[in-house]
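Subject: Structure handover and notes

Dear colleague,

Here is the structure for you to take over. My notes on what was found in it follow below.

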Amino acid sequence: MSTSYRVAIVGATGAVGNTIMSILEERAFPVASLKPLSSHRSAGEILTFKDEPIVAEELTHNSFDGIDLVFASAGASVSREFIPTAVEKGCLVIDNTSAFRMDTDTPLIVPEVNMHAAIKHKGIIANPNCSTIQMVVALKPIYDAAGINRIVVSTYQSVSGKSGAAIVELIDQTVSALEGRPIKQELFPHQMAFNVAFDWPFSESGDSEEEIKMANETRKILADDSIGISATTVRVPVFFAHAESINIETGRKLKADEAREILAGAPGVTLVDEPLNREYPLPVNAAGEDAVYVGRIREDTSIENGLNLWVVADNLRKGAALNAIQIAEILDRSRV
């Protein structure tokens, strides 16, 4: 690393913000100073960075004075209000919300896929949706080798993708269900314990916001509006790591063995594909890890150029915090 950065984390007390702090420390990112920022409600909370206590400060428009780099993960409305101020004050912002992802002037970046597009930034670089990130990391090597005409994806998304409080609610619901007590339902639109649910607002088309995000973001990241994409996103009672069943139609025939060979050497991908030995990606194994795990690779014989894949990754790490930090690391190295 060539420079030390004065870093601020917007949403530092949330699940993603906490993970950003942990990964900055794990990867020895050159932090000259760290300012954790939160809502008025969470201001004053004691956090830990490099074994030292650090107090979360209330986010205001004055919070970015003397800051070089901002990681934002407090929700789209917060980013829309405060991030333009950070840019005006000379900060580089890596934003983990949906606020700027589809803006023409804002690059939407996954380092293994389209880091070259980051150089066009005007102060803001957007982090994609967690489900989009793991999918494009797995599909980009195949896209480069054979092209992709169509993607059909179904997700199995953990509750940590909603919030840290959602984890607590799932625990409480599970205990209540096992003890035969009434289940309290506050954050989820339906009971989450022992259930799967649709957990995002729906549009008039019948697609959920999450499904629309996956389609639009994938096309933008791959810079290919011709890809047909159909997504169905589902919340499952798992604490950490999202899973995805992905069916693709490639431009040319790609046999399963060739796809395995391509993915075995792909950046950010770990191949786990020995189903006869019960070895395939599982959320319990991906939780806390940085890789995108791919397995169950097999040809779909119902179409001419079809492939099926099973993709699992930790949504708080590669799906959010790690992806943002990798962007910052690569930009830092490019300054050498």
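Ser38 stands opposite Glu58, a residue of strand S5. Before going further, please keep in mind that this is a predicted model.

**Strands S1, S2 and S5**

The pairing of Ser38 with Glu58 belongs to a parallel arrangement of S2 with S5 (residues 57-58), which is made over 2 bridges. S2 also pairs with strand S1 (residues 5-10), again in the parallel sense, and here there are 6 bridges. Within that pair, Val7 is the residue opposite Leu34 of S2. To get from S1 to S2 the chain passes through H1, and the resulting β-α-β crossover is right-handed.

How many of the 8 residues of strand S2 are buried? The count is 6 for this strand, which spans residues 31-38, so S2 is largely enclosed by the rest of the structure.

**The S3-S4 hairpin**

Strands S3 (residues 46-49) and S4 (residues 52-55) run antiparallel and are joined by 4 bridges. Leu47 faces Ile54 of S4 in this pairing. The two strands make a hairpin with 2 residues between them, and Lys50, in the turn, has a positive phi of about 55 degrees.

**The sheet of 6 strands**

There is an open sheet with mixed pairing, whose 6 strands come in the order S10-S9-S11-S14-S13-S12. Its edge strands are S10 (228-232) and S12 (269-271), each of which pairs on one side only. On average, neighbouring strands in this sheet are turned by 25 degrees against each other, with direction ignored.

At the S12 edge, S12 and S13 (residues 292-300) run parallel and are joined by 3 bridges. Leu271 stands opposite Val294 of S13 there. Helix H7 (residues 256-264) packs on the sheet and touches S12, S13 and S14 (306-313). The direction of H7 makes about 165 degrees with that of S13.

**Helix H4**

Helix H4 covers residues 130-146 and includes Gln134. Is Gln134 buried or exposed? Its relative accessible area is 1%, so Gln134 is buried. Leaving aside residues up to four places away in sequence, Gln134 touches His242, Ala243, Glu244, Val292, Val311, Val312 and Ala313.

H4 also holds a salt bridge between the side chains of Asp144 and Lys140, at 2.8 Å from N to O. These two residues are 4 apart in the helix, so about one helical turn separates them. Asp144 counts as exposed because its relative accessibility is 52%, while Lys140, at 18%, counts as buried.

**Other salt bridges**

The count for the structure comes to 16 salt bridges. One of them joins Arg317 to Glu26, with the closest N and O atoms 2.7 Å apart. Arg317 lies in helix H9 (residues 317-333) and Glu26 in helix H1 (residues 15-26), so this pair ties together parts that are 291 residues apart in sequence. Arg317 is buried, with a relative accessible area of 10%, whereas Glu26 is exposed at 51% relative accessibility. The two residues are also linked with Asp290 in a network of salt bridges.

Another salt bridge forms between Lys122 and Asp105, where the closest N and O atoms are 3.8 Å apart. Lys122 is in the loop between helix H3 (111-114) and strand S8 (124-126), and Asp105 is in the loop between strand S7 (92-95) and H3, so the parts that this pair ties together are 17 residues apart in sequence. Lys122 is exposed, with a relative accessible area of 59%. Asp105 counts as partly exposed at 47% relative accessibility.

**Cysteines**

How many disulfides does the structure hold? The number is 0. Two cysteines can be noted here for their burial: Cys91 counts as buried at 4% relative accessibility, and Cys130 also counts as buried, at 14%.

Regards

Conventions: Residues numbered from 1 in each chain as written. Predicted model: local features only at pLDDT ≥ 70, side-chain atom pairs only at ≥ 80, totals over all residues. Heavy atoms only, no water. Buried < 20%, exposed > 50% of the residue type's maximum accessible area, 1.4 Å probe, protein only. Contact = heavy atoms within 4.5 Å. Salt bridge = Lys/Arg side-chain N within 4 Å of Asp/Glu carboxyl O. Pairing = 2+ DSSP bridges. Right-handed = clockwise from strand over helix to strand, strands pointing away. Disulfide = S-S within 2.5 Å. Axes fitted to C-alpha atoms, helices over the stretch in contact; angles between N-to-C directions.
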